[in-house]
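Dear colleague,

Please find below the structure that I am handing over to you, together with its sequence. My notes on what was found in it follow directly after.

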Amino acid sequence: MTISIKTADEIKHMRQAGKLAAEVLEMIEPYVKPGMSTGELDQICHNYIINTQHAIPAPLNYRGFPRSICTSVNQVVCHGIPSEKKILKGGDIINIDVTVIKDGYHGDTSKMFCVGECKPHALNLMRVTQECLYRAIHIVQPGLTLNKIGHIIQQHAEANHYSIVRDYCGHGIGKEFHEPPQVLHYYDPRANTTLQTGMTFTIEPMLNAGGYKVKLNKGDGWTVTTRDGRLSAQWEHTLVVTDAGCEVLTQRSEESFFNNP
Ligand code: MF3
Ligand code: CO
Ligand code: CO
């Protein structure tokens with residue numbers, strides 16, 4: 001279980017894959033409206049990735065996953081399967097998680113969208129979850145112990161009376177979709193891996209409005225929901241550790257991270 005250090009050339013490829021994944025989230029935004037189905041969102045992303053980006057949607061057929069993106073609505077924590085039967089309605093919150101493969105390298109990113117107008121409690125959960133991701137990104141630098149990432153996320157979530165999902169985590173990424181290390185979003189003293197320049201991984205905190213416990217849908221084998229049925233939110237970026245801190249490979253136009261070129 002060794003963590004790969006990417007070469008400058010590999011990082012160029014990762015930057016390209018990350019940019020494409022970010023552009024899919026930007027492209028899909030105007031379609032996230034009441035009356036749209038998550039199946040249609042998947043079709044639009046799938047066609048864009050294949051025909052416009054000349055890239056590959058990594059989820060499709062990954063361990064049997066049947067579609068090209070994940071769409072996780074309201075109490076769905078992650079890995080929601082897009083469906084023509086799942087019609088979005090005003091007030092829903094949805095995470096769209098996009099992973100593309102370009103020239104053999106992966107870029108993985110997700111964000112939350114409001115469908116129409118959302119209630120303040122939903123907006124607050126989404127905002128705090130994004131703040132958890134941003135706080136973690138801002139401390140990444142060579143020499144940092146991985147458990148500091150979990151610590152800062154857990155602190156901010158719990159200060160806002162939310163819980164952190166424990167059963168799913170961030171991950172190393174590169175030629176493989178999921179590589180070592182695991183990136184926990186809560187504090188575990190055993191997560192004592194030290195970050196080095198050239199490591200590439202995701203941070204993707206999932207916060208629940210209620211308890212941290214989740215359940216896996218045994219029927220479809222994928223959909224993860226909160227046990228108590230309350231809302232969940234998630235944001236994800238792929239980043240590379242640099243001498244100066246980190247570069248966010250999946251930055252969108254609406255964002256600007258300190259160390260990005
Ligand atoms: N994109 C997810 C992640 O952040 C993984 C989705 S696996 C899939 O790691 F098969 F559901 F697509
Ligand atoms: Co990921
Ligand atoms: Co993802």
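In this predicted model, strands β4 and β5 form a hairpin with two residues between them. Asp103 lies in the turn and has a positive phi of about 50°. The two strands run antiparallel and are joined by 10 bridges, with β5 covering residues 105–114. Within this pairing, Thr99 stands opposite Asp108 in β5; Asp108 returns below as a metal donor.

Strand β4 spans residues 93–102, and 10 of its 10 residues are buried. Ile93, Asn95, Asp97, Thr99 and Ile101 point one way from the strand, whereas Ile94, Ile96, Val98, Val100 and Lys102 point the other way. Both sets are buried, Lys102 and Asp97 included.

Strand β4 also pairs with two other strands, described here in turn. Strand β2 (residues 70–73) runs antiparallel to β4, and four bridges join them; the bridge partner of Ser72 in β4 is Asn95. Strand β1 (residues 56–57) pairs with β4 over two bridges, again in the antiparallel sense, and here Ile56 stands opposite Ile101.

I turn now to the metal site. Which residues supply the protein donors of the cobalt ion (ligand 2)? They are Asp108 (OD), His171 (NE2), Glu204 (OE) and Glu236 (OE), at 2.0 to 2.2 Å from the ion. Along the chain, these donors follow the spacing D-x62-H-x32-E-x31-E. Glu204 lies in the loop between β9 (200–203) and β10 (206–208), and Glu236 in the loop between β13 (232–234) and β14 (237–242), so this pair ties together parts that are 32 residues apart in sequence.

Are these two glutamates buried or exposed? Glu204 is buried, with a relative accessible area of 8%, and Glu236 is likewise buried, with a value of 0%.

The cobalt ion (ligand 2) has six donor atoms, and the angles among them run from 51 to 160°. Why is the site classed as irregular? Six donors count as octahedral if opposite donors are over 155 degrees apart and all others between 65 and 115; an angle of 51° falls in neither range, so the site of the cobalt ion (ligand 2) is irregular.

Finally, the cobalt ion (ligand 2) and the cobalt ion (ligand 3) are 3.3 Å apart. Asp108 coordinates both of these ions, and the same residue, in β5, is the one opposite Thr99 of the buried strand β4.

With kind regards

Definitions and conventions: Residues numbered from 1 in each chain as written. Chains lettered and ligands numbered in written order. Predicted model: local features only at pLDDT ≥ 70, side-chain atom pairs only at ≥ 80, totals over all residues. Heavy atoms only, no water. Donors = N, O, S within 2.8 Å, 3.2 Å for Na, K, Ca; no water. Tetrahedral: all angles 85-135°; square planar, octahedral: opposite > 155°, others 65-115°. Buried < 20%, exposed > 50% of the residue type's maximum accessible area, 1.4 Å probe, protein only. Pairing = 2+ DSSP bridges.
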